[in-house]
Each structure stands twice: as C-alpha cells, then as structure tokens.
Amino acid sequence: MTQAAFFVLTALADQPRHGYGILHEVEELSEGQVQLRVGTLYGVLDRLTADGLIVLDREEVQQGRLRRYYRITNEGVTALDAEAEQMAAGARAAKRRIAEGSRADAPTGAVRPPTAPGLAGGYA
C-alpha cells in the first residue's frame with residue numbers, strides 16, 4: 001500500500017469526506033509530510049475504489065459545485081488495520097535495532113555519527 005493510499009484510508013476511517021476534505025485530513029494526519037495534489041488524490045481514489053476499499057457515499061451540490069463523498073468499506077478497514085499493524089511491527093523492529101546498536105557502543109556512550117550518504121540518500 002502506498003503512503004498516499006494509507007493516509008487516504010486513514011482520513012476516511014472515521015467519516016465520509018469529499019476530495020478537499022480528504023486533502024486537508026491527509027496533510028493534517030501526516031503532519032504536513034504528505035501533501036497530495038488533486039490529480040494524485042483522484043488517482044488514489046480511483047485505485048481504492050477499483051480495489052473495493054472505498055465507495056462513493058453520496059454526491060452533493062454546494063455553491064454550484066458537485067462534491068463527491070467517499071467512505072471506507074469493511075475491506076478497506078481490514079486493509080488499513082493490516083497495514084497499520086505491519087508499519088507498527090516495522091517500527092518496533094527498528095527501535096530494537098537502534099537499542100541494540102546503542103548497547104554495542106555502550107563503553108563510549110556515543111552513537112556513531114553519520115559519515116556519508118547511503119544508497120537511499122540518507123547517511124549510513
């Protein structure tokens with residue numbers, strides 16, 4: 001599941017929302033780390049709909065514009081829950097490794113500083 005799909009499902013987990021509402025919720029839930037563009041959002045919504053993870057809830061006209069509201073399905077809740085659990089398990093594994101690395105450096109009490117960019121562009 002992509003990060004965008006994860007946050008869209010999360011935005012819909014508590015109530016149906018229209019496109020602009022989803023964009024706002026995704027930005028808020030991700031603390032600004034994920035800022036979807038409209039085209040990207042509708043691509044994600046199309047894929048999630050095709051996969052049966054969300055459905056069109058209703059359409060309303062507000063200020064002369066049509067708003068489509070989407071809601072998460074039971075399958076979407078199951079997929080979101082599984083993804084959240086997988087992410088949490090990955091975070092726990094990372095924390096364990098960090099703690100183990102810190103204990104390995106215990107005699108000096110220092111964690112090795114980054115030395116050079118790694119393969120993913122971060123520091124190794």
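Serine 30 lies in the loop between helix H2 (19-29) and helix H3 (38-50); helices here are DSSP runs of type H or I with at least four residues, strands are E runs of at least two, and both are numbered from the N terminus. Serine 30 is buried, with a relative accessible area of 6%. The term buried stands for under 20% relative accessible area, exposed for over 50%, and partly exposed for values in between, with a 1.4 Å probe and protein chains only. The side chain of serine 30 reaches the backbone oxygen of valine 26 at 2.9 Å.

The model is predicted, so local features need pLDDT of at least 70 and side-chain atom pairs count only at pLDDT 80 or more, while totals for chains, interfaces and linings use all residues. Residues are numbered from 1 along each chain as its sequence is written, and side-chain values use heavy atoms, with hydrogens and water left out.

**Helix H2 and its surroundings**

Valine 26 is one of the buried residues of H2, a group that also includes Gly19, Gly21, Ile22, Leu23 and Glu25. The buried residues of H2 pack against helix H1 (3-12), E1, H3 and E3, where contact is defined as heavy atoms within 4.5 Å. Just after H2, glutamate 31 takes a positive phi of about 55 degrees.

**The sheet**

An open sheet is formed by 3 strands in the order E1-E3-E2, with antiparallel pairing. Strands E1 (17-18) and E2 (54-62) stand at the edges with a single partner strand each, so one side of each has no neighbour in the sheet. Two strands count as paired if DSSP finds at least two bridges between them. E1 pairs with strand E3 (residues 65-72) over 2 bridges, and arginine 17 has tyrosine 70 in E3 as its bridge partner. E2 and E3 are joined by 8 bridges, also in the antiparallel sense; here valine 61 has leucine 66 in E3 as its bridge partner. E2 and E3 form a hairpin with 2 residues between them, and glutamine 63 in the turn has a positive phi of about 55 degrees.

**Charged and polar side chains**

Side chains of opposite charge can pair when their charged atoms come close. A salt bridge is taken as a side-chain nitrogen of Lys or Arg within 4 Å of a carboxyl oxygen of Asp or Glu, and by this rule the count comes to 8 salt bridges. Three of these pairs are set out below.

| Pair | Closest N to O | Accessibility of each residue |
|---|---|---|
| Arginine 58 and aspartate 57 | 2.7 Å | 32% (arginine 58), 29% (aspartate 57) |
| Glutamate 59 and arginine 68 | 2.7 Å | 42% (glutamate 59), 42% (arginine 68) |
| Glutamate 100 and arginine 97 | 3.9 Å | 39% (glutamate 100), 64% (arginine 97) |

Arginine 58 is partly exposed, as is aspartate 57. These two residues also belong to a network of salt bridges that links Asp57, Arg58, Glu60 and Arg71. Glutamate 59 counts as partly exposed, and arginine 68 is likewise partly exposed.

The remaining pair in the table belongs to a helix. Glutamate 100 and arginine 97 both lie in helix H4, 3 residues apart, about one turn of the helix. An α-helix has 3.6 residues a turn, so residues three or four places apart point the same way. Glutamate 100 counts as partly exposed, whereas arginine 97 counts as exposed.

Arginine 92 is also found in helix H4 (residues 74-104). At 43% relative accessibility, arginine 92 is partly exposed. The side chains of arginine 92 and glutamate 85 are joined by a polar contact of 3.2 Å. Such a contact is a pair of N or O atoms within 3.5 Å; within protein, one must be able to donate a hydrogen and the other to accept it, and residues adjacent in sequence count only if both atoms are side-chain atoms.

**The largest pocket**

On a 1 Å grid over the protein atoms alone, a pocket is an open set of points where a 1.4 Å probe fits, with protein on both sides within 12 Å along at least five of seven lines; lining residues have an atom within 4 Å of a point. The largest pocket holds about 320 Å³ of space, a volume being the space filled by probe spheres set on the points, which are joined across faces, edges and corners. Its lining consists of 13 residues, with Tyr20, Tyr42, Arg65, Leu66 and Arg67 nearest the centre. H2, H3 and E3 each supply at least two residues of this lining, and the largest share, 5 residues, comes from E3.
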